[in-house]
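This report walks through the fold shown below, moving from its packed interior to its open spaces and then to individual positions in loops and helices. It is best read with the coordinates open alongside.

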Amino acid sequence: MAEPAQGGLKPSQGGRRRWRPQWTARVALIPAMTITIVCFYGFIIWTFVISLTRSRLLPVYKFTGFDQYFRLFANERWWTAMQNLAIHGVLFIGGCMLFGYLLAILIDRGIKAEGLFRTVFMLPLSMSFIVTGVIWQWVMNPGLGLQEAVRALGWASFEFNWIVRTDRSIYTLAIAGIWQQVGLCMALFLAGLRNIDPNIWKATRVDGIPVWRVYLHVITPMLRTVFFTVFILMSAIVMKAFDLVVALTGGGPGFSSDLPARFVVDHILNRQELGLGAAGAFVLLCTVIAVISPYIHFELRKERGGRGH
């Protein structure tokens, strides 16, 4: 008998052609793929096109070349926002990965009331960045927050007024962001730790290797994929950070805690500079690609190398 033809249908016992299950799945994915192509890649192209025009309140397709990019790069506020993005990104991503991993290790070591601690650390994740920003605005307010509470206890010289200082306000965003997202990082790292082969621990105990050295030289390299996942997730949060800035500092004092996402939204909605905002959005996208691509390439090359062995 002849083999069934490659395609969506195959012969059945009655002579009719039956629809292959894999083709049903592919057809079901068509709407999602269409939405992704139109709403993601389509709007990226549209944003770039608008950035080449003199659009202000509404799109105007009168092309002016790269004039909007020249205006953007000459804008002092934009460079302040980009500098703040670098500081916030390093502190936020590094803090989430460090504290999330340490918390996961502590829970993995079998501390008492493990379920309670997991719930406590995961609870901030249920809040939006707006709520998180409002909460930490109260905590960091010098007149009614932590500073006032400590002074009321008798420590009159205590100061924690970072939210109103131009040289410290950017750090308050990292503190609030880490507080909210560290639970997610902890859960991801904990899942990775629970998948470690128990025989590894038995072997290290027999050899008398200290626990900290096992985590540092054995367990951590084995969790490379988890670190990669956490890095990508936290990087995405940093790059699109807007609501936390608005709720916590408003970008101030001045523009000392401004971030590129707020710069873009402010110029599009409030200053009626659609072309300039689109240029900022496209440059931000290129920054994301430039930062993440080398790390993705490095990890994928390692993964292929591991499979090759």
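In this predicted model, L223 is in contact with Y101, G192, L193 and I196, leaving out residues up to four places away in sequence. L223 also belongs to the largest nonpolar core, a set of 58 residues in which F92, Y101, F189, L193, I219, L223 and M234 touch the most other members. Helix α3, which runs over residues 76–108, contributes the largest share of this core, with twelve residues. In soluble globular proteins, nonpolar side chains tend to be buried together.

## Helix α5 and what covers it

Helix α5 comprises the twelve residues 129–140, and at 1.5 Å a residue it should span 16 Å; its end C-alpha atoms are 16 Å apart, so expectation and model agree. Which residues of α5 are buried? They are F129, T132, G133, W136 and M140. Because these buried residues cover an arc of only 100° around the axis, they are placed on the same side of α5. An α-helix has 3.6 residues a turn, so residues three or four places apart point the same way. The cover over the buried residues of α5 includes α7 (169–194), α10 (224–239) and α11 (243–248).

## Open and enclosed spaces

The largest pocket has a volume of about 550 Å³. Its lining is made up of 22 residues, and among these T47, A281, F282, L284 and L285 lie nearest the centre of the pocket. Helices α1 (21–51), α10, α12 (260–270) and α13 (274–308) each supply at least two of the lining residues, and the largest share, eight residues, comes from α13.

The model also holds one cavity of 30 Å³ or more, with a volume of about 60 Å³. H88, F92, F129, G177, I237, V238, A241, F242, D243 and L244 line this cavity, and the elements that give two or more residues to the lining are α3, α10 and α11. Two of these names recur from the sections above: F92 is one of the core residues that touch the most other members, and F129 is one of the buried residues of α5.

## Individual positions

The table collects the accessibility of several positions treated below.

| Residue | Relative accessibility | State |
|---|---|---|
| K112 | 76% | exposed |
| L58 | 59% | exposed |
| Q272 | 39% | partly exposed |
| N161 | 18% | buried |
| H267 | 6% | buried |

K112 sits in the loop between α3 and α4 (114–122). From K112 to G277 there are 165 residues in sequence and 51 Å in space, C-alpha to C-alpha. L58 lies in the loop between α1 and α2 (67–73), and its C-alpha atom is separated by 40 Å from that of F228, which is 170 residues apart from L58 along the chain.

Is N161, in the loop between α6 (146–152) and α7, buried or exposed? Residues under 20% relative accessible area are classed as buried, and N161, at 18%, therefore counts as buried. Setting aside neighbours within four places in sequence, N161 is in contact with P142 and Q147.

H267 belongs to helix α12 and is buried, with a relative accessible area of 6%. Apart from neighbours within four places in sequence, H267 is in contact with N75, R77, Q272, E273, L274, L276 and G277. One of these partners, Q272, lies in the loop between α12 and α13, where at 39% relative accessibility it counts as partly exposed.

## Backbone features

Most residues other than glycine have a negative phi, and most peptide bonds are trans. Q272 has a positive phi of about 55° although it is not a glycine. A cis peptide bond, with omega of about -5°, joins G252 and P253, and P253 is located in the loop between α11 and α12.

Methods. Residues are numbered from 1 along each chain as its sequence is written. This is a predicted model: local features need pLDDT of at least 70, side-chain atom pairs count only at pLDDT 80 or more; totals for chains, interfaces and linings use all residues. Side-chain values use heavy atoms; hydrogens and water are left out. Helices (H or I, at least four residues) and strands (E, at least two) are DSSP runs, numbered from the N terminus. The expected span of a helix is 1.5 Å times one less than its number of residues. Buried means under 20% relative accessible area, exposed over 50%, partly exposed in between (1.4 Å probe, protein chains only). The arc is that of the directions from the helix axis to the C-beta atoms. Contact means heavy atoms within 4.5 Å. A nonpolar core is a set of buried Ala, Val, Leu, Ile, Met, Phe, Trp, Tyr and Cys residues joined through side-chain atoms within 4.5 Å. On a 1 Å grid over the protein atoms alone, a cavity is a set of points where a 1.4 Å probe fits but cannot get out, and a pocket is an open set with protein on both sides within 12 Å along at least five of seven lines; lining residues have an atom within 4 Å of a point. Grid points are joined across faces, edges and corners, and a volume is the space filled by probe spheres set on the points.
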